[in-house]
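I opened this model to look up the ligand surroundings, the sheets, the helix packing and the unusual backbone spots. My entries follow in the order in which I looked.

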Amino acid sequence: MRTTVGIIGAGPAGLLLARLLHRAGIDSVVLESRDRAYVEQRQRAGILEQGTADVLRAVGAGERMDREGLRHDGIELRFDGRRHRVDFPGLTGGRSVTVYAQTEVCKDLVALQVEEGGPLLFEAEALAVEGAEGDRPRVPFRHRGVEQVLECDYVVGCDGFWGVARGAFPAEPSRVFERSYPYAWLGILADVAPSHGELVYARHDRGFALLSMRSPTVSRLYLQVPEGTDAARWGDEEIWDELERRLETADGWRLERGPVTQKSVTPMRSFVHEPMRHGRLFLAGDAAHIVPPTGAKGLNLAVGDVVTLARALVHRRDTGSEELLDAYSATCLRRIWQAERFSYDMTTLLHRAPGATAFDARLQRARLERIASSHAAGTDLAEAYTGFPLQ
Ligand code: FAD
Ligand code: DHB
């Protein structure tokens, strides 16, 4: 099998890259180790930055998002029983975010790819990337038990944190920067209308809690739990009790309960692999970087990477110049490190670390009060949350 761009992974990064290339007239093949149902149902992120929503519209994948997605003009920060709303358009000159689940983004992109794009092979596991230093990199893969080889001009590893592509980078000059956090998120989906119209990020002495949503009738909620927690050990009522305690306000706000339809634990990690290019092999999305979810940045960063890469591949085809491909890694890393910083700040602002002292708690409160009382501090949060513009 032969193609111009071999894409490993059909998460948001791989699917959007294939779509961008298809629209530009560059052919690609996408290899995905899981089956279609798995890719379309894997419950993950829910917040699209304005720039991400704009890109999805521009590639023709915005129709259902515009119909079913929810535009959000702010978030609420809760601490000490108080609420503070961060007004996004007011602080950023009109920017907002869209609540539209990653599962839905993937469904929309898979449907378009199957209808009019290049081959998208499910149950096709890439086994390695070979010859990245030369002109003809190759990806041996196993498709439903049969071993084959994909020959390409370029290979893009969009295969997430556990993929194979990063392993094809040489030890030198690769560098990894990482930090793990001693806590995790227990996330639930529940068939109940969200108890608040916007997302609520709560700092509490018992730990962080987040109220989010998937639709006007489906809530998504998260609780900080110790790392290594088994989701099955938390009973549904126990989860609601704990959410209620951490989200409580002094003004009598109520958390509505409903049937829990899904429960899972997400570990928290910051991770960056530099550089993101080795010869004709590129990394994009979680394959190259992970953020803790508190800033809702993971999916949006993946989108930023593939937009930058698609532009560079089109530039190469149109002009013969490698200039933008050469700049790919540095261009993406500037934005990635801003998201790493923001995700770290939000995480340490709102979570209770094991062994945290009263001093640490007072500092968190001072940081929250600063955001609530200073236009500059509020703007800093709102700009980062709604997303730094793509270059
Ligand atoms: P992925 O979505 O991981 O896609 C990679 C794809 O590659 C997968 O489909 C995988 O099956 C495939 N693959 C892997 N290896 C191979 C191989 N060898 N051959 C072929 N295919 C392969 N972000 C948020 O902002 N908010 C959240 O609440 C949130 N929750 C998360 C929960 C979990 C459990 C995880 C893992 C991530 C979460 N994220 C969240 C992060 C966000 O979902 C990711 O940043 C986003 O999915 C990145 O997209 P991606 O396409 O780079 O990688
Ligand atoms: C969701 C996830 C996040 O990480 C976040 O910061 C906000 C919302 C969500 O899944 O809805």
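**Ligand 2.** I began with the surroundings of ligand 2, keeping in mind that this is a predicted model. The residues around ligand 2 are A45, G46, I47, L199, L210, S212, R220, P293, T294 and A296. Sorting this shell by class, I noted six nonpolar, three polar and one charged residues.

**Ligand 1.** I then turned to ligand 1, which has 31 residues around it, and of these G9, G11, G160, G285 and G298 come nearest. I wrote down that α1 (12-23), β9 and α8 (298-319) are the elements that give two or more residues to this shell. By class, the shell around ligand 1 holds 14 nonpolar, ten polar and seven charged residues.

**The annotated domain.** I checked the record next: UniProt, in an unreviewed entry, places the feature "domain: FAD-binding" at residues 2-343. Over residues 2-343 I found the chain to be 32% helix and 32% strand, with the end C-alpha atoms 39 Å apart.

**Helix packing.** Since α1 and α8 both give residues to the shell around ligand 1, I looked up how these two helices lie to each other. Their axes come within 9 Å and cross at roughly 30 degrees, which makes α1 roughly parallel to α8. The crossing in which α1 passes α8 is right-handed.

I followed α8 on to helix α9 (residues 323-350), where the two axes come within 10 Å and cross at roughly 165 degrees. α8 and α9 are therefore roughly antiparallel to each other, the cut-off for that term being an angle over 145 degrees. I recorded this crossing, of α8 past α9, as right-handed.

**The three-stranded sheet.** β9 also gives residues to the shell around ligand 1, and I wanted to know which sheet this strand belongs to. I found an open sheet of three strands in the order β9-β10-β11, with antiparallel pairing. β9 (124-126) and β11 (146-151) stand at the edges with a single partner strand each, so one side of each is left without a neighbour in the sheet. From one strand to the next, the twist averages 30 degrees.

I went through the pairings one by one. β9 and β10 (residues 138-143) run antiparallel and are joined by three bridges; E125 stands opposite R142 in β10, and A126 stands opposite F141 in β10. β10 and β11 pair in the antiparallel sense over six bridges, and there I noted V146 in β11 as the bridge partner of H143.

**The turn at R144.** What does R144 do in the hairpin of β10 and β11? The hairpin has two residues between the strands, and R144 takes a positive phi near 45 degrees. I marked R144, which sits in the loop between β10 and β11, as a residue other than glycine with a positive phi. For comparison I kept a general reminder that most residues other than glycine have a negative phi, and that most peptide bonds are trans.

**Cis peptide bonds.** I then looked up the peptide bonds that are cis, and wrote down two of them. The bond from E172 to P173 is cis, with omega near 5 degrees, and P173 lies in the loop between β12 (154-157) and β13 (175-190). The bond from E274 to P275 is cis as well, with omega near -5 degrees, and P275 lies in the loop between β17 (260-274) and β18 (277-278).

**The six-stranded sheet.** Having met β12 and β18 as strands that flank these loops, I looked up where they pair. Both belong to an open sheet of six strands, in the order β8-β2-β1-β12-β19-β18, with mixed pairing. β8 (120-121) and β18 are its edge strands, each pairing on one side only. Strand β1 (residues 5-8) and β12 run parallel and are joined by four bridges, and I noted that I7 stands opposite V156 in β12.

How values were computed:
Residues numbered from 1 in each chain as written. Chains lettered and ligands numbered in written order. Predicted model: local features only at pLDDT ≥ 70, side-chain atom pairs only at ≥ 80, totals over all residues. Pairing = 2+ DSSP bridges. Axes fitted to C-alpha atoms, helices over the stretch in contact; angles between N-to-C directions. Near = placed C-beta within 6 Å. Nonpolar A, V, L, I, M, F, W, Y, C, P; charged D, E, K, R; others polar. UniProt positions renumbered as here; feature names shortened; annotations may be inferred. Parallel < 35°, antiparallel > 145°, perpendicular 65-115°, else oblique. Left-handed = near helix turned anticlockwise from the far one by under 90°.
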